[in-house]
Amino acid sequence: MKHHSLVAAALAALVAVAAAPTANAQSTPAIPGYTMGQKSLAKAPFTLADLESLKKTLLFTEEDIRYLRMSRAILADQHEAILDVWYGFVASTPELVVYFKNNKTGAPDGAYLGAVRKRFGQWIADTADANYDQSWLDYQYEIGLRHTTPKKNKTDEADSVPLVNFRYLSALTIPVTTTLKPFLAKKGASAADVEKMHAAWVKSVLLQSILWSYPYIKDGQF
Ligand code: HEM
């Protein structure tokens, strides 16, 4: 029962968020809380060399980077539709929507969901376009912190649970990339190109979720 009402409230919050007007790219003000490239960010505790080694282990190559770039234009005008699917998955999965719960009401926090959604949209473009430099690496560290006790809730001043439990982090790679695939196929790319874009997305999202895991891992064991 408790879970059902939580899910219903989350869906209601999402509909409200989805119905809000979206600004076009030219006039869009900075996304609140999106701080990629800003001086205020801490330096990542993992290095660009660590990143290269991780990419090697994931068989993540220049070819994958090319296919991610190809996906950028394909996905550009589909961000909201993709976010509807991803948020729909989280909202209808009680184990996940609980991480957006408002501590006072016990229901999903619509304002929190909406604020994160804007940065999630930017993340689609950033993942397709990533150049894997120090700024990108530092923002990966920041996103990890935002899923964990040091920084969860801080950016949006949410009154919510203190962390996303570790076990779900890499797991979400699968629904995110599986549900992305039909969107990759919507603009006439060949089946072979869709497969390669999809494979590149799987690798990139897994790579990022591994980097985001840093704050969960005991000192020295990452
Ligand atoms: C592959 C796995 C995941 C991806 C790609 C992902 C992606 C993102 C992105 C892009 C953001 C916004 C980062 C920013 O502030 O710029 C975010 C924040 C957030 N994600 Fe995830 N996430 C993943 C796993 C999860 C899981 C399993 C949950 C559980 C429901 C979750 C819950 C949240 C929450 C609550 C925030 C807001 C954190 C805050 O307070 O700042 N995420 N995520």
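This report covers the helices, the nonpolar cores, one helix pair and one residue of a predicted model.

Residues are numbered from 1 along each chain as its sequence is written. Because the model is predicted, local features need pLDDT of at least 70 and side-chain atom pairs count only at pLDDT 80 or more, while totals for chains, interfaces and linings use all residues.

**Overall make-up**

The protein chain has 10 helices and 0 strands; helices (H or I, at least four residues) and strands (E, at least two) are DSSP runs, numbered from the N terminus. Of its 222 residues, 23% are buried, that is, they have 20 or more other C-beta atoms within 10 Å of their own, with C-beta atoms placed from the backbone; 12 or fewer would make a residue exposed, and counts in between partly exposed. Two residues are in contact if these C-beta atoms lie within 7 Å. Among contacts with a separation of 6 or more, 82% join residues 24 or more positions apart.

**Nonpolar cores**

A nonpolar core is a set of buried Ala, Val, Leu, Ile, Met, Phe, Trp, Tyr and Cys residues joined through C-beta atoms within 7 Å. The largest one has 13 residues, of which Leu68, Met197, Ala200 and Trp201 touch the most other members. At least two residues of this core come from each of the helices tabulated here.

| Helix supplying the core | Residues |
|---|---|
| Helix 3 | 62–76 |
| Helix 9 | 173–184 |
| Helix 10 | 191–212 |
| Helix 6 | 110–129 |

Helix 10 gives the largest share, 5 residues. A second, separate core of 8 residues includes Ala91, Val97, Phe100 and Leu113.

**Thr127 and Leu68**

Thr127 lies in helix 6 and is buried, with 20 other C-beta atoms within 10 Å. Beyond four places in sequence, Thr127 contacts Leu68 and Ser204. Leu68, with the same kind of neighbours set aside, touches Thr127, Ala128, Ala200, Trp201 and Ser204. Thr127 and Arg69 are 58 residues apart in sequence, yet 8.8 Å apart in space, C-alpha to C-alpha.

**Helix 7 against helix 10**

The axes of helix 7 (residues 134–146) and helix 10 come within 8 Å and cross at roughly 65°. Axes are lines fitted to C-alpha atoms, for helices over the stretch in contact, and angles run from 0 to 180 degrees between N-to-C directions. The two helices are therefore roughly perpendicular, a label for angles of 65 to 115 degrees. Gln140, Ile143 and Gly144 of helix 7 meet Gln208, Leu211 and Trp212 of helix 10.

How values were computed
Angles under 35 degrees count as roughly parallel, over 145 as roughly antiparallel, 65 to 115 as roughly perpendicular and the rest as oblique.
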